[in-house]
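I opened the model today to see how one chain is put together. These entries follow the order in which I looked things up.

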Amino acid sequence: MTNLTEMSEREYFAQFAKRTGMFIGRTTLGGATAFMVGYDQAARRHGGPGLDGWREWLMANHQVSDNLVWEAQIRQIALPDWPGGWDLMPEQEVHVLKVLFELLDKFLAEREGSASQV
């Protein structure tokens with residue numbers, strides 16, 4: 001595995017997606033979200049972009065409510081008929097996490113692409 005300091009954010013989150021349980025223990029959307037928020041805050045404290053623009057990207061690319069935090073926006077995208085609430089069935093949890101990591105990878109790929117064009 002590449003040294004963590006040499007990884008792009010996209011590479012880092014690809015590793016996180018492959019081995020989520022290694023990073024957070026029990027793999028849940030809430031746990032993944034908490035980890036990602038912590039990562040974002042640490043990255044920004046140290047001058048990195050973190051997940052800057054992530055919520056806005058979700059709103060620009062998907063039909064989601066603009067008054068929701070990004071975790072709820074992911075739920076809305078992954079489970080369009082979801083009646084609300086925070087408890088998910090295990091199969092829903094797996095599906096929502098899959099959608100989260102797919103969308104995050106697209107967002108980071110686009111951001112890397114636009115950064116390399118500058």
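**Entry 1: glutamine 73.** I began with glutamine 73, which has 0% relative accessibility and so counts as buried. The model I am reading is a predicted one. I located glutamine 73 in helix α5. Next I listed what touches it, leaving aside neighbours within four places in sequence. The contacts of glutamine 73 are Arg55, Leu58, Met59, Val64, Ser65, Asp66 and Leu68.

**Entry 2: arginine 55.** Arg55 was on that list, and I went there next. Arginine 55 lies in helix α4. Is arginine 55 buried or partly exposed? I read 25% relative accessibility for arginine 55, so it counts as partly exposed, since buried would require a value under 20%. With residues up to four places away in sequence not counted, arginine 55 touches Asp66, Asn67, Leu68, Val69, Trp70 and Gln73. Asp66 and Leu68 are among the contacts of arginine 55, and they are also among the contacts of glutamine 73. I also took a C-alpha to C-alpha distance from arginine 55 to glutamine 76: 13 Å in space, for 21 residues in sequence.

**Entry 3: the fold.** I stepped back to the whole chain. How many helices and strands are there in the protein? I counted six helices and zero strands. Read from the N terminus on, the order of elements is α-α-α-α-α-α. The C-alpha trace spans about 40 × 30 × 20 Å along its principal axes. I then checked the radius of gyration: a compact globule of 118 residues would have one near 13 Å, and the protein has 14 Å, which agrees. For contacts with a separation of 6 or more, I noted that 47% join residues 24 or more positions apart.

**Entry 4: the core.** Of the 118 residues, 36% count as buried. The largest nonpolar core has 27 residues. Which residues have the most contacts inside it? I wrote down Phe13, Met36, Trp54, Ile74, Leu100 and Leu104. The elements that give two or more residues to this core are α1 (9–18), α3, α4 (54–61), α5 (70–78) and α6 (90–116). Helix α6 provides the largest share, nine residues.

I picked tryptophan 54 from the core list for a closer look. Apart from neighbours within four places in sequence, tryptophan 54 is in contact with Trp70, Ile74, Leu100, Leu103, Leu104 and Phe107. Ile74, Leu100 and Leu104 in that set are also named among the core residues with the most contacts.

**Entry 5: surface and charge.** The protein exposes about 7300 Å², and carbon and sulfur atoms supply 52% of that area. I tallied 11 positive and 16 negative side chains. The centres of these two sets lie 3 Å apart.

**Entry 6: three loop positions.** Threonine 28 sits in the loop between α2 (20–24) and α3 (29–45). Is this loop residue buried or exposed? Threonine 28 counts as buried because its relative accessibility is 16%. Residues up to four places away in sequence aside, threonine 28 touches Glu93 and Leu97.

Glycine 48 is in the loop between α3 and α4. Its relative accessible area is 29%, so glycine 48 is partly exposed. I paired glycine 48 with glutamine 63: they are 15 residues apart in sequence, and their C-alpha atoms are 28 Å apart in space.

Aspartate 87 belongs to the loop between α5 and α6. I read a relative accessible area of 68%, so aspartate 87 is exposed. Its C-alpha is 10.0 Å from that of glycine 30, and 57 residues separate aspartate 87 and glycine 30 in sequence.

**Entry 7: glutamate 112.** My last stop was glutamate 112, found in helix α6. Its relative accessibility is 34%, so glutamate 112 counts as partly exposed. What is glutamate 112 in contact with, leaving aside its neighbours within four places in sequence? I found Ser8 and Arg10. I then took the distance to leucine 4, which is 108 residues from glutamate 112 along the chain: the C-alpha atoms are separated by 17 Å.

Conventions:
Residues numbered from 1 in each chain as written. Predicted model: local features only at pLDDT ≥ 70, side-chain atom pairs only at ≥ 80, totals over all residues. Heavy atoms only, no water. Helix = DSSP H or I, 4+ residues; strand = E, 2+ residues; numbered from the N terminus. Buried < 20%, exposed > 50% of the residue type's maximum accessible area, 1.4 Å probe, protein only. Contact = heavy atoms within 4.5 Å. Rg over C-alpha atoms; globule rule 2.2 N^0.38 Å. Areas by Shrake-Rupley, 256 points an atom, 1.4 Å probe, with all protein chains shown as cover. Lys, Arg positive; Asp, Glu negative; His and termini not counted. Charge placed at Lys NZ, Arg CZ, Asp CG, Glu CD. Core = buried A, V, L, I, M, F, W, Y, C linked by side-chain atoms within 4.5 Å.
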